[in-house]
Amino acid sequence: MKTVTRSLLAAVLCLATGLQAVDPAPVAAATPEAAPPTDTPGAEQAAQLMRKHFADKIPDLTLTNDHGQPVRFVTDLVKDHAVVISFFYTNCRGTCPGTNALLAGMRETLAKDFGKSVRLISISVEPEVDDVPTIHEYAGFFRKPSAHPDMPDWHFLTGKPEDIKKLRRALGYYEVDPKIDADPTQHAAMLILGNQATGRWAMMPIGIGPDRMAGKVRLIAGWTSAQRYADVYAHLEKNRKAEAASEKPKTTAAVIQP
């Protein structure tokens, strides 16, 4: 997959405008919760408005996971979870392996931050080739077993080409030129971060490393403002203490020689 093109940049702007801007500062971990409530009634009302414009328009299509099980995209995967959505194809020799390595590196961090209230969702853009046995073998290279009891689930999906195309367009992950859009090598290395319950969604390029990307997941898809901005508050408090320490008067006492 190549870097983002002009048409996909437009899709990124459409996705981000009015939804959630991406803050460059990383955000610290918070206690994992399973689908906690939004912060206030006002926040819930605002979230409903945002979901009306984006999340509620995501089609609840039936795809197939790498175990051969049918799953409804919204009902079974997105609903009541923070999500990190990516796209891949198994024959990719470009950025797909790097994207999945990034997700594998984030998974342990997200387990501490979110537990199972976050899910990783990777969807094939070449379902004509990527059948269930193929994506199951591919998933095994990245989705390593873990002893962590709350390791986030990671779903590798395939399905009917027309359904995946429809889903990509709803998520803003497509090229305007149909010839380019049909070429899996032209799709950009981007992640879609979101939380249907809070109505916060954004699209991010992958080239910022697993720690910073995990911070973006917290910032965008975190359940509460305390979780989303904990590191910002901590950074401000650190600066306040450093400033206060620098303002302490230094001793002016003279040393008296005997």
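## Helix 8 and its surroundings

In this predicted model, helix 8 is mostly covered, with nine of its 12 residues buried (under 20% relative accessible area, 1.4 Å probe, protein chains only). Helices here are DSSP runs of H or I with at least four residues, and strands are E runs of at least two, numbered from the N terminus. Among the buried residues of helix 8 are Met213, Lys216, Arg218 and Ile220. Their cover includes strand 3 (82-88), helix 4 (96-114) and helix 9 (225-246).

The end C-alpha atoms of helix 8 (residues 210-221) are 16 Å apart, which agrees with the 16 Å expected at 1.5 Å a residue, the expected span being 1.5 Å times one less than the number of residues.

## The sheet

Seven strands form an open sheet in the order 2-1-5-4-3-6-7, with mixed pairing; two strands pair if DSSP finds at least two bridges between them. Strand 2 (70-72) and strand 7 are the edge strands, each pairing on one side only. Strand 1 (residues 62-65) and strand 2 run antiparallel and are joined by three bridges; Leu63 has Val71 as its bridge partner in strand 2.

## Nonpolar core

The largest nonpolar core (buried Ala, Val, Leu, Ile, Met, Phe, Trp, Tyr and Cys residues joined through side-chain atoms within 4.5 Å) has 58 residues. Phe73, Ile85 and Ile121 are among those with the most contacts inside this core. Beyond its neighbours within four places in sequence, Ile121 is in contact (heavy atoms within 4.5 Å) with residues including Phe73, Ile85, Trp154 and His155.

## Basis of the values

Residues are numbered from 1 along each chain as its sequence is written, and side-chain values use heavy atoms, leaving out hydrogens and water. Local features need pLDDT of at least 70 and side-chain atom pairs count only at pLDDT 80 or more, whereas totals for chains, interfaces and linings use all residues.

Key: Buried < 20%, exposed > 50% of the residue type's maximum accessible area, 1.4 Å probe, protein only.
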